[in-house]
Amino acid sequence: MTPALELRGIEKRYRGKTVLRGASMSAEAGSITGLLGSNGSGKSTLLNLLAGVTRPNGGGFFWRGEELFRSPRRRAAAVGYVPQGTPLMEELSALDNLRLWYAAPALAASLDHGALKALGVGEFLRVRASRLSGGMKKRLCIGCALAASPELLLLDEPSTALDLAGKAELLDQLRRLRDGGTTLLIATHDLQEIALCDALWLLRDGTLRPYAYDGDPAHLAAELG
Amino acid sequence: MRARRFFALLRAELRRAVILLPPVLLAAALLLGAAGLLGWAEASGREGDAARRRLEIGLVGDFENDAWLRMGLNALETMDSSRYSLRFSRRGSEREALRALRAGELDAFAVIPEGFLAALEKGVETEPIRYVSGAGAQGLGTLLADEIVRAVARLLAGTENAIYAAQDYIASGVPGADPYAAGDALAEEYLSLILSREKLFTVELAGLSGGLGFAEYYLCALSLLALLFWGVACVPIFAGRDRELGRMLRASGLGAFAQTAAEYLAYMALMLGFYLLYAALLGLFGALRPEAAAALGLDRGALARLPLRGLLPAFALGAAQLALFGLGPGRLGALLLQFLAAAGMAYLSGCFYPASFFPSPLREIGAALPSGAALSWMGGPGPLPLLWLALYCAAALALRTWLRARD
């Protein structure tokens with residue numbers, strides 16, 4: 001079976017330091033793939049490259065066989081990105097934040113029977129973003145990232161700073177997205193998120209290799225260095 | 001898609017700004033009021049200093065061969081310097097003197113008409129000496145007039161002494177002469193030559209920064225202060241923003257330049273709204289209280305008209321402020337940066353008192369700043385300040401875009 005996502009030999013130098021040196025990996029369509037690595041290993045950098053926020057110094061990014069580093073427009077349509085933190089305008093309501101990403105008819109449709117309905121965003125549409133809980137904010141961010149109906153969704157440490165209830169809610173939403181056919185690539189070091197993943201890749205010394213988690217956090221910590 | 005997202009971002013920026021506008025407007029009003037008061041206090045304090053400093057007076061015209069006039073000038077230069085001192089320098093032409101006055105090299109200059117003293121001696125009417133001052137040195141007109149009157153009085157007394165001496169000489173030694181009739185004739189002739197002149201000199205104001213009067217200049221300076229301190233007031237809206245939103249927008253295809261453009265348009269809409277409100281309030285004040293405007297030396301329309309000259313410079317200052325928002329680390333850093341930039345630029349560019357009071361290097365720095373170009377434009381629109389403003393605007397937006405792309 002041909003993987004939907006392929007990264008080939010990605011290079012990235014940042015302020016004189018080589019962060020990624022020929023990183024390669026692949027992922028199946030409709031799966032959740034975890035990207036593991038210690039702090040500063042380059043996970044966020046890799047996601048930023050795939051999202052088009054920064055440019056690589058070398059390598060290829062293929063989605064269903066199509067090179068996306070050279071096609072920003074196609075990449076913007078195919079890839080959704082939820083960075084770490086809360087990329088929201090905190091003074092605006094949830095609805096106003098969504099209006100930044102959705103055209104009016106698409107917003108109505110999504111709230112009625114689409115991804116936003118599945119995410120339960122309708123519960124807090126009129127609430128100012130600064131007053132939402134961490135879990136609600138994260139659901140809202142994912143809702144924003146899904147505006148263009150991307151086939152690949154990149155999430156950078158999605159459950160950071162969420163309480164237990166918020167985290168459970170979020171993981172449930174990620175599972176539903178996968179079941180709906182979306183491919184997810186998650187940068188994480190959270191054990192619950194790791195447990196959710198169908199495949200894991202370990203980023204260390206600028207290169208990627210497949211990793212099989214045996215359920216022992218001590219082994220994982222040793223691998224991460 | 002990108003165009004739709006651009007306008008959606010612009011709308012969101014405007015919405016966000018409108019939500020935060022009331023406290024921002026209040027902060028802007030407070031800052032402007034405080035800056036105006038400080039400027040007034042500073043300018044008042046400096047007026048006293050100015051009266052004690054050396055005053056550079058230029059002289060233009062025919063005076064080299066006039067011994068009396070040279071004597072009068074010497075008297076002025078050597079008079080009591082505990083309050084101030086005068087120094088006279090010859091200037092080739094009135095145009096050169098005017099240029100030197102505007103550049104701050106002179107405090108004033110006097111134009112002595114061709115053959116002034118010769119005409120005076122012959123009892124022929126002549127053009128008056130014109131005394132041309134910058135508006136900022138308005139007090140100098142009275143000051144110099146006073147000193148000239150003193151010098152003339154001294155000359156008169158000296159001449160009278162000479163007349164009496166001549167009278168004594170004639171009485172003691174010239175046979176057949178009537179010393180009293182000769183003395184009376186001399187005194188009468190002298191008085192008819194000198195004292196019959198009602199206007200020996202007139203005072204003109206060449207103005208500051210392109211010919212503005214004193215009150216007009218400070219009205220422009222106050223308007224510039226309003227624009228400069230708007231950046232400080234807007235810190236809650238535009239500074240310390242989450243970088244993640246910018247990244248997510250870039251991932252969706254809306255690049256750093258488009259984001260900067262949307263942000264700039266939103267910022268300018270707010271800034272111009274605020275500034276037009278400020279100009280309208282001034283215009284209303286001028287319409288309702290024309291006597292107050294007249295007391296300041298302004299015509300009724302000036303209060304409405306002059307601030308409008310700040311509309312174009314607002315685009316460059318707005319861009320510079322937007323760039324500073326990106327440079328400040330967090331909201332507190334941006335607040336400090338905006339405040340220091342606004343206060344520094346206002347000071348150096350002559351918002352608190354005319355830049356001609358500064359030493360030459362500071363004056364050049366002040367003129368090269370965006371606020372200097374703005375004040376120059378407000379004083380008298382021209383291609384050079386316009387070019388500077390356009391360059392500053394482009395450079396500031398490029399810097400903001402670069403900072404966004406680095407986030």
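Begin by selecting strand β1 of chain A, residues 5-14: 8 bridges join this strand to β2(A), and the two run antiparallel. The model on display is a predicted one. Within β1, pick out A:Leu7 and look across to β2(A), where A:Met25 stands opposite.

Next, widen the selection to the whole sheet. Which strands form this sheet, and in what order? Chain A contributes 4 strands, arranged as β2-β1-β4-β5 in an open sheet with antiparallel pairing. Now turn to the edges, which are occupied by β2 (17-27) and β5 of chain A. Each of these has a single partner strand, so one side of each is left without a neighbour in the sheet. In general, strands of a sheet pair through backbone hydrogen bonds, either parallel or antiparallel.

From the sheet, move to the loop between β4 (58-63) and β5 (66-67) of chain A and select A:Arg64, which lies there. Phi of A:Arg64 is near 50°, a positive value in a residue other than glycine. Is A:Arg64 buried, exposed or partly exposed? A:Arg64 has 15 other C-beta atoms within 10 Å and is therefore partly exposed, since that class falls between the limits of 12 or fewer for exposed and 20 or more for buried.

The last stop is A:Ser149, in the loop of chain A between α6 (134-145) and β7 (152-156). Here too the residue is not glycine and phi is positive, near 50° for A:Ser149. How many other C-beta atoms lie within 10 Å of A:Ser149? There are 13, so A:Ser149 is partly exposed.

Technical notes
Residues are numbered from 1 along each chain as its sequence is written. Chains are lettered from A and ligands numbered from 1 in the order in which they are written. This is a predicted model: local features need pLDDT of at least 70, side-chain atom pairs count only at pLDDT 80 or more; totals for chains, interfaces and linings use all residues. Two strands pair if DSSP finds at least two bridges between them.
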